[in-house]
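User: I am new to reading protein models. Please take me through this one and show how each label is earned.

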Amino acid sequence: MDRATIEQYAIDNLKNVTDYLRIASISAQNKGIQATSTWIMEQFRQLKAQRVEQWTNQGGNPVIFAELAGNSDKTVLFYNHYDVQPPEPLEEWHTHPFEPVAIDGKLIARGVCDDKGELMSRLTLIKYFQEHGGLPVNLKFYIEGEEEIGSPHVADYVAAHAADLQADVCIWEGGGKDEDENFEIVCGAKGAVSFNLHVQTADVDLHSSLASYADNAAWRLVQALASLRTSDNKVAVAGFYDDIQPLTAAEQQATQAMDFNVEKVQANYGLKRPLITTDPKTELINGSTMTINGLEAGYNGEGVKTIIPKQAQAKIDCRLAPNQDPHKIVELIQQQLIKNGFEDVKVEYLLGEQAGRTDLEDSFIQLNHTIAQQVYGKQHVKLIPNMAGAGPIKPFLDYVKAPIALVGIHYAGSHPHSPNENIRLADYQAGTYYLAELLAAYGQN
C-alpha cells in the first residue's frame with residue numbers, strides 16, 4: 001500500500017467525521033449520549049455493515065455493535081468509547097471545546113484524543129478499504145458510552161454478548177507516542193477503584209471558638225488520610241500490595257527498555273515538585289497508588305466564616321496492578337482505618353475495574369511490533385506491558401479470550417481530560433496508515 005495515498009485520504013476524509021467531535025457526549029452529565037450513538041450507527045450503515053445494533057439490555061448508556069465482512073476468515077474486534085470528560089474549566093480553553101479547530105498542525109477538541117479521534121481514523125480506513133478492494137479481515141466493533149465514568153456495565157455486556165464478540169484478536173483504543181516520540185504498543189491496562197471517605201463530628205457546624213474542646217471533621221479526615229501513607233509515599237495499608245502479580249522476564253525487559261524523560265515529563269505537566277519515586281517506569285507498569293482526588297469540608301466561599309466543619313469528605317482512587325481486586329482493596333482500607341483509630345471514618349465504594357495484560361510474546365503483539373517498526377522506524381517503537389491508566393480490559397480477556405493490543409494516535413502533549421485536548425494531524429495520518437498495514441498483514445498471516 002502506498003503510504004502517501006492513505007495518509008492523504010485520512011486528511012481528505014476528515015471533514016466527513018469531525019461532526020463526531022461536535023456532539024458533547026458527556027456521560028458524567030448524561031448529555032449527548034443518544035445523539036452520539038445515533039451518529040455512530042449511521043456511519044456504520046453508510047459503510048454497509050452487515051450488522052449494526054444498539055445494545056441496551058444490560059442497562060446504562062447504549063453500546064453500539066457493528067460487524068463488517070472482509071476478504072479472509074480472520075476477525076478483528078475493535079474497542080472504542082464515545083463518551084468524553086466535561087470540558088471545564090472553560091476559561092482555560094483557547095477555542096470552543098466542541099468545535100474542532102486545526103491550528104499549527106493540531107486538531108483541537110474535547111475527546112479528539114480520548115477517544116473519538118481513533119474511531120474517526122478507523123471509520124476512515126474502512127471507507128478506504130471498501131473503495132480499494134475490500135477489507136482484508138472481518139471487523140467487529142464494541143463502542144461504549146460509559147468509559148469516562150468507570151465502564152460500570154461493560155462486564156455485564158461482554159458476558160451477555162460473548163458469542164457476538166468472539167474474534168481472533170482485539171485492537172483497543174489508546175497507544176500513541178511518548179515524550180521522546182517513540183510509538184508505543186501497549187498490551188494491557190491497570191485496574192482502578194474509586195471510593196469516598198466520610199466523617200461527621202457534630203450535627204451542625206460550630207463556632208470556631210469551640211475548637212478549644214470540639215473535634216473538627218476536616219482535621220479528623222486529614223489525619224485519617226495521613227495515616228494511610230508513609231513519608232516515602234507508600235500506601236500504609238496492611239495487605240495492600242500482597243496480591244500484585246510479579247512481572248515476567250519479558251515484561252521486566254520491556255519495562256526497563258521504556259523511555260522516561262524526567263525533564264520532558266516535568267516540563268509537559270509543569271510539575272513543581274520532584275518525582276516521588278526513583279523508579280517511575282516500574283511504578284507506572286506494576287505499581288499501585290492511592291490518590292486524593294478532592295477534599296470537601298466547611299466554608300470555601302469568599303471572605304471569612306469562622307466555623308468548625310461538622311463533616312468532611314474525600315474522593316479517592318487507587319490504580320491497581322494485575323491480580324489486585326477492587327473490592328478487597330476497599331475492605332483493607334476500611335480495616336486499616338479502624339486499626340488506626342479512625343473507626344468513624346467510613347469508606348463508600350463507588351466503582352472498580354480489574355487490571356488485565358496480554359502476553360508480550362503473543363504472535364499478534366509481535367506482528368504489531370514488526371509493522372510499527374516498518375512505519376515508525378525500528379529505533380522508535382516500544383512494547384509497553386500496560387498503560388498506567390485503567391480500562392475495562394479484563395472482561396474481554398476473560399470472555400473473548402483474544403490478545404489485546406492498544407495502539408492509537410495520541411502523543412505526550414495531547415492533554416486528555418484537560419483543556420485544549422488535541423492530536424497532531426501527522427500522527428492521525430501515520431496511525432491510519434499503520435492500522436492499514438497491520439490489518440493487511442494480519443489478513444495474510
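User: Why is asparagine 13 called buried or exposed?

Analyst: First, two ground rules. This is a predicted model, where local features need pLDDT of at least 70, side-chain atom pairs count only at pLDDT 80 or more, and totals for chains, interfaces and linings use all residues. Residues are numbered from 1 along each chain as its sequence is written, and side-chain values use heavy atoms, with hydrogens and water left out. Now the label. Buried means under 20% relative accessible area, exposed means over 50%, and partly exposed lies in between (1.4 Å probe, protein chains only). Asparagine 13 has a relative accessible area of 5%, so asparagine 13 is buried.

User: Where is asparagine 13 found, and which residues does asparagine 13 touch?

Analyst: Asparagine 13 is in the loop between α1 (3-12) and α2 (19-22). Helices (H or I, at least four residues) and strands (E, at least two) are DSSP runs, numbered from the N terminus. Contact means heavy atoms within 4.5 Å. Leaving out residues up to four places away in sequence, asparagine 13 touches Thr124 and Lys127.

User: What makes the pair of asparagine 13 and asparagine 16 a polar contact?

Analyst: A polar contact is a pair of N or O atoms within 3.5 Å; within protein, one must be able to donate a hydrogen and the other to accept it, and residues adjacent in sequence count only if both atoms are side-chain atoms. The side chains of asparagine 13 and asparagine 16 make such a contact at 2.7 Å.

User: Why does threonine 95 count as buried or exposed?

Analyst: Threonine 95 has 18% relative accessibility, so threonine 95 counts as buried. Threonine 95 sits in the loop between β3 (75-81) and β4 (101-103). Beyond its neighbours within four places in sequence, threonine 95 is in contact with Val101, Ile103, Ile108 and Asn420. Alanine 109 is 14 residues from threonine 95 in sequence, and the two are 8.1 Å apart in space, C-alpha to C-alpha.

User: What makes glutamate 421 and arginine 110 a salt bridge?

Analyst: A salt bridge is a side-chain nitrogen of Lys or Arg within 4 Å of a carboxyl oxygen of Asp or Glu. Glutamate 421 and arginine 110 meet at 2.6 Å, N to O. Glutamate 421 lies in the loop between β19 (404-406) and β20 (422-424), and arginine 110 in the loop between β5 (106-108) and α4 (112-131), so the pair ties together parts 311 residues apart in sequence. Both glutamate 421 and arginine 110 are buried.

User: Why can side chains of opposite charge pair?

Analyst: They can pair when their charged atoms come close. By the salt-bridge rule, the count here comes to 18.

User: How do you know whether aspartate 180 is buried or exposed?

Analyst: At 24% relative accessibility, aspartate 180 falls in the middle class, so aspartate 180 counts as partly exposed. Aspartate 180 forms a salt bridge with lysine 264, with the closest N and O atoms 3.0 Å apart. Aspartate 180 is in the loop between β8 (176-177) and β9 (183-186), while lysine 264 is in helix α9 (residues 262-269), 84 residues apart. Lysine 264 is partly exposed too, with a relative accessible area of 40%.

User: Which labels do aspartate 344 and arginine 220 get?

Analyst: Aspartate 344 has 26% relative accessibility, so aspartate 344 counts as partly exposed. Arginine 220 has 16%, so arginine 220 counts as buried. Their salt bridge has its closest N and O atoms 2.9 Å apart.

User: How do you know where domain 1 and domain 2 lie?

Analyst: The bounds come from an automatic or database domain assignment. The assignment gives domain 1 (3-187 + 358-444) and domain 2 (191-248 + 259-353). Their centres, taken over C-alpha atoms, are 32 Å apart.

User: How many residues of domain 1 and domain 2 are in contact?

Analyst: 20 residues of domain 1 are in contact with 13 residues of domain 2. The rule finds two salt bridges across this interface.

User: What is the area buried between domain 1 and domain 2?

Analyst: Buried area is the accessible area (1.4 Å probe) that two parts lose on being put together, summed over both. Here that area is about 1,300 Å², and carbon and sulfur atoms give 47% of it. Glu179, Asp180 and Ala390 supply 37% of the area that domain 1 buries against domain 2, more than any other three residues.
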